[in-house]
Amino acid sequence: MIGYVTLGTNNLEKAGAFYDTLLAQFGAERAYTLERMIAWSSDPAKPMLVLTRPSDGADAAPGNGGMVALICKDADHVRAAHRLAMHLGAKNAGLPDAHGDRFFGGYVRDPDGNKICLFTMSGDGRDPPANEQHAP
């Protein structure tokens with residue numbers, strides 16, 4: 001159903017480098033690069049993440065309540081991706097932890113302030129059943 005998610009940036013080069021490194025941990029690479037946008041994909045049949053400078057010329061600003069959630073393999077992957085994002089210049093928006101019985105996630109804000117959730121459906125760090133690898 002979802003083809004892609006778009007985040008705004010004011011510095012395409014810096015944000016592109018951030019996502020090149022972070023998204024490689026999820027098996028994604030650049031699908032295409034245009035003058036004002038970059039798209040990443042892990043599979044042509046799955047949703048892409050697109051980073052763009054706003055077409056109206058105004059500054060990009062993160063939405064309040066908007067967030068992109070990246071599915072991790074397990075709790076260790078959540079922790080490693082969170083550490084990597086912080087190392088790449090993200091700001092902590094919530095340390096990796098269990099939220100409820102099954103959801104394990106951590107939160108960061110990318111260099112432009114966009115909120116990113118890194119999660120797995122395995123509340124205490126156990127691997128979830130194969131048929132439950134979807135977002136809450």
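Is V68 buried or exposed? In this predicted model, V68 has a relative accessibility of 9% and therefore counts as buried, the cut-off being under 20%. The residue belongs to strand β5. Beyond its neighbours within four places in sequence, V68 makes contacts with V5, L7, L49, K115, I116 and C117. The C-alpha atom of V68 is separated by 8.2 Å from that of N114, a residue 46 positions away along the chain.

The setting of this residue is given by the overall architecture. The protein contains two helices and eight strands, and the elements follow one another from the N terminus as β-α-β-β-β-β-α-β-β-β. Of the 136 residues in the protein, 38% are buried. Among contacts with a separation of 6 or more, 49% are formed by residues 24 or more positions apart.

Four strands form an open sheet with mixed pairing, in the order β1-β4-β3-β2. The edges are occupied by β1 (4-8) and β2 (29-33); each has a single partner strand, so one side of each is left without a neighbour in the sheet. On average, and with direction ignored, neighbouring strands of this sheet are turned by 25° against each other. In general, the strands of a sheet pair through backbone hydrogen bonds, in either a parallel or an antiparallel manner. The pairing of β1 with β4 (residues 48-52) is parallel and comprises five bridges. Within this pairing, L7 is placed opposite L51 of β4. L7 is also one of the residues in contact with V68. Helix α1 (residues 12-24) lies across β1, β2, β3 (37-41) and β4, and runs at about 5° to β3.

Strand β4 also includes T52. This residue counts as buried because its relative accessibility is 9%, where the limit is under 20%. With neighbours within four places in sequence set aside, the contacts of T52 are with T6, L7, G8, T9, R36 and M37. L7 thus appears in the contact list of T52 and in that of V68.

A further buried position is found towards the other contacts of V68. C117 lies in strand β8 (residues 115-120) and is buried, with a relative accessible area of 2%. Apart from neighbours within four places in sequence, C117 is in contact with M67, V68, A69, L70, F103, G106 and Y107. Between C117 and H82, which are 35 residues apart in sequence, the C-alpha to C-alpha distance is 9.0 Å.

The largest pocket of the model has a volume of about 800 Å³. Its lining consists of 25 residues, of which S42, P47, A69, L70 and I71 are the closest to the centre. Two of these names, A69 and L70, recur among the contacts of C117. Strands β3, β4 and β5 (68-71) each contribute at least two residues to the lining of this pocket. The largest share, four residues, is supplied by β5, the strand in which V68 is found. Classified by residue type, the lining is made up of 18 nonpolar, four polar and three charged residues.

Terms used:
Residues are numbered from 1 along each chain as its sequence is written. This is a predicted model: local features need pLDDT of at least 70, side-chain atom pairs count only at pLDDT 80 or more; totals for chains, interfaces and linings use all residues. Side-chain values use heavy atoms; hydrogens and water are left out. Two strands pair if DSSP finds at least two bridges between them. Axes are lines fitted to C-alpha atoms, for helices over the stretch in contact, and angles run from 0 to 180 degrees between N-to-C directions. Contact means heavy atoms within 4.5 Å. Buried means under 20% relative accessible area, exposed over 50%, partly exposed in between (1.4 Å probe, protein chains only). On a 1 Å grid over the protein atoms alone, a cavity is a set of points where a 1.4 Å probe fits but cannot get out, and a pocket is an open set with protein on both sides within 12 Å along at least five of seven lines; lining residues have an atom within 4 Å of a point. Grid points are joined across faces, edges and corners, and a volume is the space filled by probe spheres set on the points. Ala, Val, Leu, Ile, Met, Phe, Trp, Tyr, Cys and Pro count as nonpolar, Asp, Glu, Lys and Arg as charged, and the others, Gly among them, as polar.
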